Amino acid sequence: MNFLTGKHVDRRTLLRGVGAAIALPLLDAMRPAFATPAKLGSQARRVAVVYVPNGIVMKDWKPADPGKDFTFTRILKPLEPFRQDITVISGLANEAANKGKGGGHAKASGSFLSGTSPKYTAGPDVHAGVTFDQIAARRFASETRVASLQLGCEDARMVGNCDTGSSCAYTNTLSWKDPDTPLPVEVNPRSVFERLFGTVDPSLPADVRARRAMYRKSILDQTRDNTQRLTADLGASDKRKMDEYLTGIREVEMRIAAAEKDPVTPPSEKPSGIPFDYAEYVKLMFNLQVMAFQSDLTRVSTMMLGREGSVRTYPEIGVPDPHHPLTHHRGHPDFIEKVTKINCFHVELFAWFVERLKSTPDGDGSLLDHSAILYGGALSDGNAHSNSDLPLVIAGHAGGIRGGRYLAAEAKTPVANLFVQMMNGVGVETASFADSTGMLDLRA
Amino acid sequence: MNSLMIRVLRMLQMIILAAVACLPLAAETAEVFAYVQKSCVGCHNASVKSGDVDLKSLQTAKTFDQDREIWEKVIDKLKTGQMPPPGVPRPPEATTKSVTHWLETEFDRLDRMVKPEAGRVTARRLNRAEYNNTMRDLLGIDIRPADSFPADTAAFGFDNISDALNLTPALLENYVDAAERVVRTALFGPERRKPAAIHYSAPVRINETRGQSKLPKDLFNYDLTGLSTLHSAHFIHRFPVDAEYSFRMVLNGHRPNQSEPVHPALFIDGKLIKEFEVDATDLEGQNVEVRARVTAGEHLLSESYLKTYHGLPPSYHGPEPSKRPSVPLISALGKLSEKDIETMRKYGTKIKTDAIETRVDNRFESLDVGGPFNQVTTASPESLRRIYVCGHAAGKHTGACARKILTSFASRAFRRPVTPKEVDQFAGYVTLARKQGDSLEEGIATALQAVLVSPNFLYRIEHDRQAPAGNASVPIGPYELASRLSYFLWSSMPDAELLRLAGQGTLQQPALLDAQVKRMLRDPKSFALVENFAGQWLQFRNIEVVRPDQERFPMFDDALRLSMRRETELFIDNIVRQNGSVLELLDANYTFLNERLARFYGIPGVTGPEFRRVDVSGTQRGGGVLAQASILTVSSYSTRTSPVLRGKWILENLLNAPPPAPPPGVPPLTESKTGQDATLRQQMEEHRKNPTCASCHSRMDPLGFGLENFNAIGAWRTEDGKLPLDVSGALPDGRSFQTPAQLKAMLTGDRDAFARGLTEKLLMYAIGRGIERYDRPAVANITTNLASHDYQFSQLVLGIVNSLPFQMRHARETSQIAATMGERSK
């Protein structure tokens, strides 16, 4: 099967990512196109969130023994080879999800990265808080071609309320640019690829490409002027729409300018679409992030392995039942076992991502050395929609995060304390965020 | 006029009612307060504030106007018997009835006193469906560029609500890229694609015939196309461009020796493309290949065996038994081990091992789609005709054509005449390109791209007009009306006729408008209402993303998925285009079926893959959307039915009474009391013992249980697992039913609520904003009009088109307009 090029079995296998060992040669092959020596020396730090929906079977997640020599539990087991690169954290809570009305899932994911309870609505008046990844994205926006990536592995084209009267915006994305603007996830690897590397056909002669780029710039320039004139005539709400449009135009213009200054050649042909196989799909999405980080096209990403409340089935691991209803297991051992299987499967895929980051050179170390990757969810026990003692793991060493331990934080420590550490870790200095009471120091 | 008279009559009625009641309003208000004081305030006061409701503080003069939402909840709780809760003394039934009746009458009165307003629709961005359709109608190419855009945010269940349709930089970039792609495709032909292969593995659905020949009871009455048997395999594939593609079907399974050859076949969209003949006992790894020309877009590919139970050995007693001699070609038994025979079978397709092979489990292993080959690379003549309007042959266009071409194109794209100044700007791109040494056509391509990224194309911006003195609202302009109509009924741009009438200034004339609406509904483009309105309202669009468990429902495949969607689409399309009654959605004596779905439903006499109208009166399933597998599947989980989901679906979509979100701190279902072997009904009943849960579930669950005769993919059943089904139900308001038919009759009895809900949703969809309190008179008028016209669909649409919110726009403060005008002249 072929989602990328259809031609070279070898290259195809690489991006499909059937395994880290096979995937490695691609990276070497790609390096010349990608990382100029100047880049390798840069001090870029990356921050990412990999989100798992519907909670975790905590008894098989949470290690028993805090400290350096903790024992890997059944679900965390796939991360054992990376013991020194990860920090398992328990005890953190997201208080915002307990407040206000709305579905338990919508409140959890809708407040996770902002610490702000989402407004209860299924209408257009969605409102939550700016998320910490977007604060970082804003900081890096002028230095990278793409301010941030929002990726999803589940088609979010769902109509109607997503969770008992709460908008789909709360369950289907994590990142909020500002309190009124959720950033939709991109689920098509081909679109992600085009976002990173552009749509221009690399096979065209250079002069044709240059002329087309020039026309495009001229179109954007004139459209911006015209729209500004048009806006003068409009009422307040129409004006807001045009402001949004103008912001878009300006950002596209900025990206074109940045791309011209520092051209990046796409590493391979485009993925042709969404792979059927879930593992293959997830690995492709992880790989796109590796590529984006490696060539410093962006430093911020969030990715949802499934939308919160996901009803994906996993027949390939013997779980033909939909995920969400399973998590309301009512104590039934068969159901719990199936949820555990899903939990393990997700962590296996995440371990693959960690391996990719660790094996990709970056500056004086690896991408993993310069990243802070959060893996976890905004629900611990999915059956009770519990928002405390969240299942969280940090991979990477950005900003001196030490790794190699299980940290049992004091119960009900705000999860925002961790975000403060993550932001500082990637160079976005801040003393507080949302309901934080300090920084959860992972350096010591 | 009509509506005005109705309104006058209603008012008279109210006056008479008030006179009969013989009580001044104040006295009744006092009665309501007394009732609340006695029966509710014990819990719902400022200190206890049960359910976050304080009814004591509401006892003010204007409360029924100001605190309307809370009082509506009170009515709901009282009418459904949820309040007062069990254990608290209940006031006499008659008193409760008179209180709720008075409150409802009061709200009705208040609603009719509401000053109707037109509202203001914010500039509406084209959503994905609208963008695709508009490109199709504008350029004459159907490449659906928006399919790869990020999903549009939905609000109130619809993805065309202007306030929710925001625009991110990523989407803007998509617009810029798509403009280039569609323009180049239209002018210079489709993107050249390199051939690639896509592999589809067929699901293993034939386990029960693996290792044994489980044949159907009646070998003389089965689907001869094979499309509805488990031997077939179906895949939905998106073809990137018009071209030839190769299809390689890999076979698997067995045929008894002495059988006649099998006839695997490829169907595209239910049309036979090629029939093959394969003569083998062991089909594993056998393959056949065909090339066919396919148009770009999504198509259903089906592999099946034609006449699969024909030509079996005589001992199978099937039709047209094999005439082959019973002597095996190689009589190997006894001399070779079974393993040897197995190996031999793999190599020689003619090897027949008489005593061994008896299975009829021929199936498919996979399908490989390769291509594109011999791709169409020239531009479509239709596109060129639409763009090059100056009438010259290809390549003979002169510089003077540019302005003509751009004026025509931009006017259609902006859905209004363009100004000479706008044309100047677009013509500037042609000049720019020529200066760079590019051709005239390249220049035009650049100019067209500029048109397609302009906000005048991407948004429908309605301009403010000065309202006549004393009027708050002002009619929208004729071109704006044309766009409102076309995006409402077609999800696309206005056609030439609408634009012509708008240009003449006659579109607003009632008789002409009426005729146009009816013309538009009859046009096939009104299918957009089915896909985009009904698909979201009834949620059957979700059939595309459901994944029923393959173990439990092996018969569910993409062919069945498409058939389910098609049934509902054709059913609603029939109501739209033939001007049927909207009540047919609740119950009807007909539906649309092909053989696949008819066999699935157990309805005899339907053969072949084409859909046709079928009379379903007298069948167990009956008609209406609640008997349609699409609806029954999207309201189920992948492994089982959910009475809760189905009940919620009915309340939300058919009864206009969406249940509220569960309150915080709802305890999860526990199995301790009922044990794990309890039926779903018993578990749910346990759940409802908790009064907090019961308040909503006592309404949701019985409705859902009424549909338990339909399994999680909508097939009829009489038992769940081994337990017999109980499909009766009783609602808190005292009504009950024993069968799905009775449930439907009950829903049909609630036609007022249904019609009001449908009206609100369709109006919301039409104007792209939420329904406000000031829209209530409009909704009431449309609903009344609908009821007095036999619930004809066209009357619903006409009611909306002729309503204040559709035709008018709330004017801005004059001073505000003056200010911006002043600013502009600076």
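So, contacts along chain B: take the ones with a separation of 6 or more, and 71% of them are between residues 24 or more positions apart. Keep in mind, please, that this is a predicted model. Chain B itself has 826 residues, and 42% of them count as buried. As for its secondary structure, you'll find 29 helices and 18 strands in there.

Let's pick out one sheet. In chain B there's an open sheet of four strands, and reading across, the order is β2-β9-β4-β7, with antiparallel pairing. Which strands stand at the edges? Those are β2 and β7, the latter covering 287–294; each has a single partner strand, so one side of each has no neighbour in the sheet. Going from one strand to the next, the twist averages 20°. If you want to zoom in on one pairing, try β4(B), residues 243–252, and β7(B): they run antiparallel and are joined by eight bridges. Look for Val250(B), for example, whose bridge partner in β7(B) is Asn287(B).

Okay, on to the cores. How many residues does the largest nonpolar core have? The number is 186, and the residues with the most contacts inside it are Ala447(B), Val451(B) and Ile800(B). The element that gives the most to this core is α7(B), with ten residues. Let me stay with Ala447(B) for a second. Leave out anything up to four places away in sequence, and Ala447(B) touches Leu406(B), Phe426(B), Ala427(B), Tyr429(B) and Val430(B). There's another core apart from that one, with 100 residues, and among them you'll see Phe140(A), Leu284(A), Leu390(A) and Ile394(A).

Now, how do the two chains meet? On the chain B side we have 71 residues, in contact with 66 residues of chain A. Several elements of chain B supply at least two residues each to that side: α7 (169–188), β2 (196–201), α11 (420–435), α12 (440–453) and α29 (814–825). The largest share, six residues, comes from α7(B). And if you sort the chain B side by residue type, you get 32 nonpolar, 23 polar and 16 charged.

Over in chain A, there's a residue I'd like you to find: Val311(A). Where does Val311(A) lie? Look in the loop between β6 (300–304) and α11 (323–327) of chain A. Why does Val311(A) count as buried? Because it has 21 C-beta neighbours inside 10 Å, and 20 is enough to qualify. Setting aside neighbours within four places in sequence, Val311(A) is in contact with Pro322(A), His323(A) and His324(A), and also with Ser638(B) from the other chain. Then there's Glu154(A): 157 residues away from Val311(A) in sequence, yet the two are 9.8 Å apart in space, C-alpha to C-alpha.

Last stop, helix α13 of chain A, residues 416–425. Ten of its ten residues are buried, including Leu418(A), Phe419(A), Val420(A) and Met422(A), but also Asn417(A), Gln421(A) and Asn424(A). What covers them? The cover includes several strands of chain A, namely β1 (46–51), β2 (86–93), β9 (371–376), β10 (392–395) and β11 (405–414), along with the helix α5 (132–140). And just after α13(A), have a look at Gly427(A), which takes a positive phi of about 90°.

Methods. Residues are numbered from 1 along each chain as its sequence is written. Chains are lettered from A and ligands numbered from 1 in the order in which they are written. This is a predicted model: local features need pLDDT of at least 70, side-chain atom pairs count only at pLDDT 80 or more; totals for chains, interfaces and linings use all residues. A residue is buried if 20 or more other C-beta atoms lie within 10 Å of its own, exposed if 12 or fewer, and partly exposed in between; C-beta atoms are placed from the backbone. Two residues are in contact if their C-beta atoms, placed from the backbone, lie within 7 Å. Ala, Val, Leu, Ile, Met, Phe, Trp, Tyr, Cys and Pro count as nonpolar, Asp, Glu, Lys and Arg as charged, and the others, Gly among them, as polar. A nonpolar core is a set of buried Ala, Val, Leu, Ile, Met, Phe, Trp, Tyr and Cys residues joined through C-beta atoms within 7 Å. Two strands pair if DSSP finds at least two bridges between them. Axes are lines fitted to C-alpha atoms, for helices over the stretch in contact, and angles run from 0 to 180 degrees between N-to-C directions.
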